[in-house]
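Good morning, everyone. Please take a moment with the sequence and the model before I go through a few of its parts.

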Amino acid sequence: MANTILVGAQWGDEGKGKIIDVLTAKADIVVRSQGGNNAGHTVIHRDTKYILHLIPSGILRRGKICVIGNGVVIDPLALVGEIEGLQKMGIAVGKNLLISDCAHLVLPYHRVLDEQREILKGHAKIGTTKRGIGPAYGDKAARTGLRMCDLIQPEVFSAKLKAKIKENNSILAAFGANPINFRDVNEKYLEAGEKLRPFVANTVVWLHRALQRNKSILFEGAQGTFLDIDHGTYPYVTSSNTTAGGACTGSGVPPHRMDVVLGVVKAYTTRVGEGSLPTEDAEIADMLHEMGREFGATTGRPRRCGWFDAVAARYAAMINGIDELAITNLDGLDSVDPIRICVGYRLNGKRLDVPPSDAAQLENCEPIYEKLPGWKTPTEAAKTFADLPGAARTYVNRLAELTGAKLTIVSVGPSRGQTILL
Ligand code: IMP
Ligand code: MG
């Protein structure tokens, strides 16, 4: 397989976990390069549902090596919990997992600050996952963060942690929040560090050696294009580069070694958390929630739902350089007729073909829709493109045409077998 960057081309939860799982069959190595345990990647394998947060979904396939790259922020307790959870389910986690020594740590004060800042924001809150992601990346950028290489040197870690807790307790006091106890945290995190030590490595060098041996790498994106700290709907975004460039900076693999960018979109749109979603539609949301679909894998929150937004998808194709397109959850629209696609925005009487950068302007954009007939037939059993109803084929082809990428995968259900390769 060519070295592939897989990105979410919407607001996250595009069904990336499942597509990654299918593609991993052909890759040697799977790399996570950004985000943290705010991510929730659902994979169904042999009737068992796995939800992965930090560990690449490749862990479920034997013989694949998984790498948590330098661009990821790691909550050591969450990672240990995830490793042990997988082991309990019979999944081997050992030499098949590597953790970058440069990855930054998410510590308890990050989580409390995340929560406190959200409370302070009130109605203007971001709707974060409260996993401490923003404050951890904030420390990284401020050059005051602790990293994996600190955690595995107990004396270094304890000294740095002590200073950080002292500083953060003053900040927490200003919020009126409870202080954090250094001894408790130190003990728990050092214990987690001991458990993680065998996995920690210079993953940059390791990946370059693998490239020299012609190994193929799949870069597993987390979240989605419009949650990108630079290109997303700021400030309603996450704190990392979720777009294709993040795969390079977050892993140390240079751009010219990347061969293909695969964008994943749902056949409709969803978003968890606050911020505009121009095509949001209550009827679609109710229908999907009644089907038991579209609840967040990390927080369990019901996702907001709407029509496919081709303005957003086209912009995502541009920023990420999307070559190939995977459309997931097509079966979610099986009973909808007609189906709408947003092909432009109207703002103050003017037509826009790209999303405005300003959050308030985006909020005021009205979608311009085109209508396509629905197929009103279950698609979950389709094995080939020809098995899909004609109206469904027309619909996905139209999405690919509007996005400007080659359609290569259509997914009609959560399991591996429900994947149509074109
Ligand atoms: P944070 O990443 O927890 O700081 O949350 C910032 C925003 O990104 C919120 O709107 C979250 O709901 C959203 N978000 C973070 N991670 C994911 C994800 O994996 N899928 C979908 N939305 C996410
Ligand atoms: Mg998710």
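I will begin with the metal site and then turn to one helix and to a group of strands.

This is a predicted model, in which local features need pLDDT of at least 70, side-chain atom pairs count only at pLDDT 80 or more, and totals for chains, interfaces and linings use all residues. Residues are numbered from 1 along each chain as its sequence is written, chains are lettered from A and ligands numbered from 1 in the order in which they are written, and side-chain values use heavy atoms, with hydrogens and water left out.

The magnesium ion, ligand 2, has as its protein donors Asp13 (OD) and Gly40 (O), which lie 2.1 to 2.4 Å from it. Donors here are N, O and S atoms within 2.8 Å of the metal (3.2 Å for Na, K and Ca), and since water is not among the atoms, sites may look incomplete. The pair links distant parts of the chain, 27 residues apart, with Asp13 in the loop between strand S1 (4–8) and H1, and Gly40 in the loop between strands S2 (29–32) and S3 (41–45); helices (H or I, at least four residues) and strands (E, at least two) are DSSP runs, numbered from the N terminus. Both donor residues, Asp13 and Gly40, are buried, that is, under 20% relative accessible area, with exposed meaning over 50% and partly exposed in between (1.4 Å probe, protein chains only).

In helix H1 (residues 16–24), nine of nine residues are buried, among them Lys16, Lys18 and Asp21.

Strand S19 (residues 406–411) is likewise mostly covered, with five of its six residues buried. S19 pairs with S15 (residues 324–328) in the parallel sense over four bridges, where pairing requires that DSSP finds at least two bridges between the strands, and Ala326 has Ile409 as its bridge partner.
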